[in-house]
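User: I am new to this structure and would like a close look at one part of it. Could you start there and then show me how it sits among the rest?

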Amino acid sequence: MTATLLAPYANEWLDAALRYLHVVAAIAWIGASFYFIALDLHLRPPERREDAERGVGGEVWEIHGGGFYRIEKFKLTPKRLPEPLYWFKWEAYTTWLSGFGLFVVLYYLNANTYLVDRSVRALSPGAAVGISIGLLVAAWVVYDLLCRAVASDAVVGVVVLGLTVLAAWGSTELFAARAAWLQIGAMLGTIMAANVFFVIIPAHWELVRAKEAGREPDARWAVRGKQRSVHNNYLTLPVLVAMLSNHWGFLYGHTWSWAILVSLMTTLAIVRHYFNLRHRGWNAWPILVAGAGVLALLGWLIRPQSTPVAASAVPVSFARVQAIVANRCAPCHSMQPTQPGFDAPPKGIAFDTAQEIVARAQLIDQWAVQSHAMPLGNLTGMTQAERDEVGAWVAQGAHR
């Protein structure tokens, strides 16, 4: 295998390994978050007086895996430090580290292809990477200062939503469409991981060290750790939107992609609230129905709108379309790609023959005409006039 082919081949393996690790770690982290918040909301006052006297604040009975479990949560700490004591932190760290590594491999090392779209903003790869990293840091700093300055979680939530709207709009004005969505997901994911590293785990260590030193723990640490855990719980589903967004070109490539992203994230945060209310025993099904209604409305509002071709319009010839596809699409989508960084057509889609172009006419229309998601980063410089010609050809029946 030549060195030219080895680089993209190795890149694909690194992409696959990091992506798999990221997904597995995220499942473990999200699962732990969902379980412990549900556990906390299911707690009831202890039935036995002796349990309350030894510091138990709540208990719950559960059944799973063929057995019964009785879980206790202490108001602050038990009378003696238990051994062994199991911690939940590596799931969060592994998720963020693998996700950042994946971001580096795909978007930072290939910034010209995936991060920068010069039809959006003429950034150099170095500038784009620097802005991206700066936004990750800024997201955590601003959020953390907000949490320390504002006591009300409701107010924090509203301000975070407003800042997310601003960040989503700004990212779509700076980066390629797909990268913009992942940038917002990375910013929220950074907040979540930093919550664990800088607040939740230090709070746990404070409780442990207080017991080791024989002094009464400061309850403020427990309150702060619980607050950030709840915040993370509400951020999980919105972050998943961004994690999975590379499959949704019709969404991130839409003219109003930033508003679509915020709408989806907000709706799924509300869906998370529905489940938390269910854990409290509240029948909050109207929230779930409302969320489904919002998603249905969003789907209707952004549905593809085909521009009718006037009867007198000059038909677009297939030869013209084939030339556009050869110049703008085939550098990547070919069995022998000429675009650096590609050793095979993405997703196995090639436009080398007339039959392949005609068979995938609707796909070309969706990704290159309707959403502008392709070409990636508009590397090949596809013009709006060319997109219009291809769209007209599809509307005229995509004839050869």
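Which side chain meets that of arginine 54 in a salt bridge, and at what N to O distance?

Analyst: Happy to help! The partner of arginine 54 is aspartate 51, and their side chains meet in a salt bridge at 3.1 Å, N to O. The term stands for a side-chain nitrogen of Lys or Arg within 4 Å of a carboxyl oxygen of Asp or Glu. Please keep in mind that this is a predicted model, where local features need pLDDT of at least 70 and side-chain atom pairs pLDDT 80 or more, while totals for chains, interfaces and linings use all residues. Residues are numbered from 1 along each chain as its sequence is written, and side-chain values use heavy atoms, without hydrogens or water.

The two partners are placed in unlike surroundings: arginine 54 is partly exposed at 30% relative accessibility, whereas aspartate 51 is buried at 1%. (Buried is under 20% relative accessible area, exposed over 50%, partly exposed in between, with a 1.4 Å probe and protein chains only.) Arginine 54 and aspartate 51 also belong to a wider network of salt bridges, which links them with Arg48, Glu59, Arg70 and Glu72.

Now let us step back. A search of the whole structure turns up 17 salt bridges. In one of them, arginine 148 and aspartate 144 meet through their side chains at 2.9 Å, N to O. Both of these residues lie in helix α5, four residues apart, or about one turn of the helix. (Helices, H or I with at least four residues, and strands, E with at least two, are DSSP runs numbered from the N terminus.) Aspartate 144 is buried, with 11% relative accessibility. Another salt bridge joins the side chains of glutamate 206 and arginine 215 at 3.4 Å, N to O; here arginine 215 is partly exposed, at 40%.

Aromatic rings come next, and the structure holds 17 aromatic pairs. In one, tryptophan 96 and phenylalanine 100 are stacked, because their ring centres are 5.0 Å apart and their planes meet at 5 degrees. (Rings of Phe, Tyr and Trp, its six-membered ring, pair with centres within 6.5 Å; planes under 30 degrees apart are stacked, over 60 edge-to-face, the rest tilted.) Both residues sit in helix α3, which covers residues 90-108, and four residues separate them, about one helical turn. Tryptophan 96 is partly exposed at 28%, and phenylalanine 100 is partly exposed at 26%.

Tryptophan 140 and phenylalanine 198 are stacked too, with 5.7 Å between centres and 20 degrees between planes. This pair links distant parts of the chain, 58 residues apart: tryptophan 140 is in helix α5 (residues 125-149) and phenylalanine 198 in helix α7 (residues 177-213). Tryptophan 140 is buried at 12% relative accessible area, while phenylalanine 198 is partly exposed at 47%. Both take part in one aromatic cluster with Trp90, Tyr93, Tyr143 and Phe197.

Helix α12, residues 318-328, shows another pattern of burial: Phe318, Val321, Ile324 and Val325 are buried there. On the face turned away from that buried side, α12 carries the exposed residues Ala319 and Asn327.

Finally, here is the overall frame. The protein chain has 15 helices and two strands, and 43% of its 400 residues are buried. Its C-alpha trace spans about 85 × 50 × 45 Å along the principal axes.
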